[in-house]
Amino acid sequence: MNSVQFERVALIGIGLIGGSIARDIAALGLAREIVVSSRSAETLKRAEELGLGTSYVASAAEAVKDADLVIVSVPVGASGAVAEQIAGYLKPGAIVTDVGSTKASVIAQMLPHMPAHVHFIPGHPIAGTEKSGPDAGFAGLFRGRWCILTPPPGTDAEALSRLKHFWESLGSRVDEMDAQHHDKVLAIVSHLPHIIAYNIVGTADDLETVTESEVIKYSASGFRDFTRLAASDPTMWRDVCLHNKDAILEMLARFSEDLAYLQRAIRWGEGDKLFDLFTRTRAIRRSIVEAGQDVDAPDFGRHALDKKD
Ligand SMILES: NC(=O)c1ccc[n+]([C@@H]2O[C@H](COP(=O)([O-])OP(=O)(O)OC[C@H]3O[C@@H](n4cnc5c(N)ncnc54)[C@H](O)[C@@H]3O)[C@@H](O)[C@H]2O)c1
Ligand SMILES: O=C(O)C(=O)C[C@]1(C(=O)O)C=C[C@@H](O)C=C1
């Protein structure tokens, strides 16, 4: 049974993630007021049509006044500008968090603007889809998914526990780690898969004779899964690449080495090497499914990634 946790929540950015949080807060009754703010007038109007908040304001500074919880859900490259806009208007004791896919850069951009009288606790829900905008959000997106918090050293324990409780109310499991570690882990499990998807779909598109007809015709195959990821928001993913540059480049270097190993095994007909690798990776997929981390499980009910198991 949930109850009101915050009198007033300010949502800065109301796309897929902000819009999903808004729907959950309302459905679960976690706040008395939900103030929605968006840079784009069109998005704000749409959020109002969808009834995502209790009030709607164009200015982020206006939105955070008297808010006990501020959630910044904008592309990571915009975090610093938002922090600068809201800094002078934050209520003493407010919790300020974000949902950005990279953490060290968000902290570097936002922390310098945060007044000493607020609790700044960055976060990242590991849940999403390839869609964006307020219409794309839905209640239950975070259920059964991880949310990683990266509290800076010295974070107030009570504020941290309130934010943790908030995400748990949305159905998430919460972990804490430092921002650098987060960025390394996410580089391999989230950022690289997207970069690889953008790349493979781009390569297929460059093979013009193929794309004209056959890629579309035969895309009910492994390629289709890549096209879903490659349809993800260009602004968001441009920012992720630019703001987790070091970790992504490190993982890409490892990936290229391993790809060269695979390429060599294929060239020289080294079937044992191929078989061993494919056996190892199959076991990983099976352990993910067994651990209940399979997004295709009925309770996640979002999209069909891989129905082959
Ligand atoms: N999409 C996902 O799967 C996913 C998952 C977890 C976390 N995230 C992170 O959540 C954040 C929001 O992503 P989303 O998927 O909700 O994006 P979205 O495009 O659906 O929504 C972005 C929101 O930010 C606003 N915005 C865009 N540019 C801005 C700017 N320069 N200044 C101020 N506001 C701006 C937009 O008007 C919109 O309200 C990003 O930091 C992203 O990395 C995304
Ligand atoms: O499922 C998807 O479409 C996603 O891209 C979600 C996903 C991911 O890679 O898992 C993407 C970016 C986030 O920061 C968190 C989650």
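Which strand does Val70 lie in? Select Val70 and see: this residue lies in strand β4. The model you have open is a predicted one.

**Stop 1: Val70**

Keep Val70 selected. Is this residue buried or exposed? Val70 counts as buried, because it has 28 C-beta neighbours inside 10 Å, and 20 or more is enough for that label. Now show its contacts. Leaving aside residues up to four places away in sequence, Val70 touches Ala10, Ile12, Val64, Ile86, Leu90, Ala94 and Val96. Add Val9 to the selection. In sequence, Val9 and Val70 are 61 residues apart. In space, their C-alpha atoms are 5.8 Å apart.

**Stop 2: the whole sheet**

Zoom out to the strands. In what order do the six strands of the open sheet run? Read across them: β3-β2-β1-β4-β5-β6, with parallel pairing. Colour β3 and β6 (119-120) next. These are the edge strands, and each pairs on one side only. As background, strands of a sheet pair through backbone hydrogen bonds, either parallel or antiparallel.

**Stop 3: from β1 to β3**

Select residues 6-12 for strand β1, then add β2. The pair runs in the parallel sense, over six bridges. Pick out one of the matches: Val9 has Ile34 of β2 as its bridge partner. Now switch on α1. Together β1, α1 and β2 form a β-α-β unit, and the unit is right-handed. Follow the chain onward. From β2 the chain passes through helix α2 (residues 41-50) to reach β3, in another β-α-β crossover that is right-handed.

Stay with β2, residues 31-37. How many of its seven residues are buried? Five are, so to speak of β2 as mostly covered is fair. Next select β3, residues 55-57. Three bridges link β3 with β2, in the parallel sense. Two places to check are Val35, which stands opposite Ser55, and Ser37, which stands opposite Val57.

**Stop 4: from β4 to β6**

Move to the other strands. Select β4 (residues 69-72) and β5. Four bridges hold this pairing, again in the parallel sense. Find Val72 and look across: Asp98 of β5 stands opposite. Then show helix α4, residues 79-86. With β4 and β5, α4 makes a right-handed β-α-β unit.

Which residues cover the two faces of β5 (residues 95-98)? On one side are Ile95 and Thr97, and on the other are Val96 and Asp98; all of them are buried. In a regular strand, side chains alternate between the two faces of the sheet. Go on to β6. Two bridges join β6 to β5, and the strands run parallel. Select Ile95 and look for its bridge partner in β6, which is His119.

**Stop 5: two domains**

Colour by domain. The domain assignment gives domain 1 as 6-177 and domain 2 as 181-268. How far apart do their C-alpha centres lie? The distance is 29 Å. The contact between them takes 14 residues from domain 1 and 17 residues from domain 2. Look at the side of domain 1 that touches domain 2: five of the residues there are nonpolar, seven polar and two charged.

**Stop 6: ligand 1**

Centre the view on ligand 1. Why does this ligand lie between the domains? Ligand 1 lies there because domain 1 and domain 2 both give residues to its shell. In total, 27 residues surround ligand 1. The closest are Gly15, Ala78, Ser101, Gly128 and Ser132. Now highlight α1 (16-28) and α11 (234-243), which each supply at least two residues of this shell. The largest share comes from α1, with three residues. By type, the shell around ligand 1 has 12 nonpolar, 13 polar and two charged residues.

**Stop 7: ligand 2**

Finish at ligand 2. Which residues surround ligand 2? Select Ser101, Ile126, Ala127, Gly128, Thr129, Glu130, Ser190 and Ser232. Of these, two are nonpolar, five polar and one charged. Ser101 and Gly128 are also listed among the closest residues to ligand 1.

Definitions and conventions
Residues numbered from 1 in each chain as written. Chains lettered and ligands numbered in written order. Predicted model: local features only at pLDDT ≥ 70, side-chain atom pairs only at ≥ 80, totals over all residues. Near = placed C-beta within 6 Å. Nonpolar A, V, L, I, M, F, W, Y, C, P; charged D, E, K, R; others polar. Domains from an automatic or database assignment. Buried ≥ 20, exposed ≤ 12 C-beta atoms within 10 Å, placed from the backbone. Pairing = 2+ DSSP bridges. Right-handed = clockwise from strand over helix to strand, strands pointing away. Contact = placed C-beta atoms within 7 Å.
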